[in-house]
Amino acid sequence: MTVLITGAGLIATHAAAALAAKGEKIVFYDVTPNLSYIDIVMEGKPYEVEIGDILDLPNILRVINKHNIKGIIHTAGVLPERARANPSLCTRINVDGSVNIFEAHRLIKLRRTVFISTIGVFDSRVCDGHPWTEDHRLGPNSYYGTTKLAAEMMGLHYARDYGVDLIAVRLSSVFGVSQYYTSRASELMRDIIEPMALEGKATIRRQVTDINQYLYAMDAGEAIALAYDLKRNSPQRIFNISDGKLTGLRKIMEIAEQNISGASITITNGAWKKSKGTNFVPEPFSLNAARKYLGYKPKWPMGKAIRHYVKKIHEREALKKN
Ligand SMILES: NC(=O)c1ccc[n+]([C@@H]2O[C@H](COP(=O)([O-])OP(=O)(O)OC[C@H]3O[C@@H](n4cnc5c(N)ncnc54)[C@H](O)[C@@H]3O)[C@@H](O)[C@H]2O)c1
């Protein structure tokens, strides 16, 4: 069966690779797809690409009919930095664009839509001494998070009122070989891993977030594929997805040195002074619901993820030379 993946960035490609490995046919729908990037992640698995805008509902309907699409993974979106720079565009793409997908699902009666939501929908000021379940208090602290929560809630209304079988996965900070590095966490991991892999050393010179909850793109892709396969009309429609723990910058630097042979990393005193102790979230996710309903278990601890990331970087550099 064929699945439409909106977007062709970090999460879209990794979800596509996981779904293709399970036998699904893949069609990407993206406004500016980059085929050489998609190829690095897809590793020879077949796919098709349609160039189009998420705001163009007639075109989305045309593509769904053309490819006999049965379900959608909706990743196309504007991430926090771009959202800050252009809130109006962010609203159109993240909210109106998502409603277009829910509407397409409703009109064509698809089997499943998976909406890619974010940890940014939660109120990160609330610390209750427990890992965050899906019921942790909502309250985005960014415009981006607000648009994602709005779209997620609209999707749940489409599920309740129009039979749109929607699952939302709230991902923590995803990293991996990317085309755009549109999130701060993916940018930080790039600035640590890529110079270490290619030049043997890296130096962090700017303020970054010290403590964060990560998710390697391979685990994100797998979780999305599991959500896509979940039985119809599940009583649980929202899932927190991460590696289930908080990791500090010093620990990441140590793991990177252990896993990238012969490479070293430092942070300048000034950068460490500003970064030390800062956190994106104060408590980790509970993965209980994801484990129970999806059978999700993170398979890419940081060391293994870094080794895989390094391999992908070398593949990308080899392709550039050819
Ligand atoms: N990266 C993270 O850490 C993270 C965490 C949680 C949730 N998310 C969500 O996952 C989704 C994808 O994030 P990503 O990291 O893969 O980002 P990305 O920037 O790598 O990919 C986004 C893709 O959306 C496409 N796109 C943008 N506007 C479009 C439009 N108008 N029409 C069609 N395509 C359009 C871009 O071309 C790009 O390929 C987003 O919805 C984001 O909110 C990301």
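Which residue of β6 does Thr113 stand opposite? In this predicted model, the partner across from Thr113 is Leu166. That pair is a good place to start a walk through the sheet, the domains and the ligand shell.

The sheet is open and is built from seven strands, arranged in the order β3-β2-β1-β4-β5-β6-β10 with parallel pairing. As a reminder for newcomers, the strands of a sheet pair through backbone hydrogen bonds, and the pairing may be parallel or antiparallel. The edges of this sheet are taken by β3 (48-51) and β10 (238-241); each has a single partner strand, so one side of each is left without a neighbour in the sheet. From one strand to the next, the twist averages 20°.

The individual pairings can be followed strand by strand. Strand β1, residues 2-6, runs parallel to strand β4, residues 69-74, and five bridges join the two. Within this pairing, Thr6 has His74 of β4 as its bridge partner. Stepping onward, β4 pairs with β5 in the parallel sense over four bridges. Here His74 appears again, this time with Phe115 of β5 as its bridge partner. His74 is thus a handy landmark for the eye, partnered with Thr6 of β1 and with Phe115 of β5. The next step leads from β5 to β6, which also run parallel and are joined by six bridges.

Is β5 largely enclosed or left open by the rest of the structure? Seven of its seven residues are buried, so β5 is largely enclosed by the rest of the structure. Both faces of the strand are covered. On one side lie Arg112, Val114, Ile116 and Thr118, on the other Thr113, Phe115 and Ser117, and all of these are buried. Helix α6, residues 143-162, packs on the sheet and touches β5 and β6 (166-171). The direction of α6 makes about 155° with that of β5.

Between α6 and β6 there is a loop, and Asp165 has its place there. Asp165 has 20 other C-beta atoms within 10 Å, and 20 or more is the count for a buried residue, so Asp165 is buried. Leaving aside neighbours within four places in sequence, Asp165 is in contact with Arg111, Arg112, Ala159, Arg232 and Asn233. Asp165 can also be compared with Gln236: the two are 71 residues apart in sequence and 11 Å apart in space, C-alpha to C-alpha.

One of those contacts of Asp165, Asn233, has a backbone feature worth a look. Asn233 lies in the loop between α8 and β10, and its phi is positive, about 50°, although Asn233 is not a glycine. With 9 C-beta neighbours inside 10 Å, Asn233 counts as exposed. Glu43 also has a positive phi, near 50°, in a residue other than glycine. Glu43 lies in the loop between α2 and β3 and is exposed, with 11 other C-beta atoms within 10 Å.

On a broader scale, the protein chain is divided into domain 1 (2-174 + 214-241) and domain 2 (175-213 + 245-280 + 300-321). Taken over C-alpha atoms, the centres of the two domains are separated by 25 Å. Contacts link 20 residues of domain 1 with 22 residues of domain 2. On the side of domain 1 that touches domain 2, at least two residues each come from α1, α2 (35-42), α4 (80-85), β7, β9 (214-216) and α8 (217-229). The residues of that side divide into eleven nonpolar, six polar and three charged.

Where does the ligand shell lie with respect to the two domains? Domain 1 and domain 2 both give residues to the shell around the ligand, so it lies between them. There are 30 residues around the ligand, and Gly7, Gly9, Ile11, Ile54 and Gly77 come nearest. By type, the shell divides into 15 nonpolar, twelve polar and three charged residues. At least two residues of the shell are supplied by each of α1 (10-21), α5 (87-108), β5 (112-118), β7 (173-175) and α7 (184-199). Among these elements, α1 gives the largest share, three residues. The buried strand β5 is therefore also one of the elements that supply the shell, and α1 serves both the shell and the side of domain 1 that touches domain 2.

Terms used: Residues are numbered from 1 along each chain as its sequence is written. This is a predicted model: local features need pLDDT of at least 70, side-chain atom pairs count only at pLDDT 80 or more; totals for chains, interfaces and linings use all residues. A residue is near a molecule or strand if its C-beta atom, placed from the backbone, lies within 6 Å of it. Ala, Val, Leu, Ile, Met, Phe, Trp, Tyr, Cys and Pro count as nonpolar, Asp, Glu, Lys and Arg as charged, and the others, Gly among them, as polar. Domain bounds come from an automatic or database domain assignment. Two residues are in contact if their C-beta atoms, placed from the backbone, lie within 7 Å. Two strands pair if DSSP finds at least two bridges between them. Axes are lines fitted to C-alpha atoms, for helices over the stretch in contact, and angles run from 0 to 180 degrees between N-to-C directions. A residue is buried if 20 or more other C-beta atoms lie within 10 Å of its own, exposed if 12 or fewer, and partly exposed in between; C-beta atoms are placed from the backbone.
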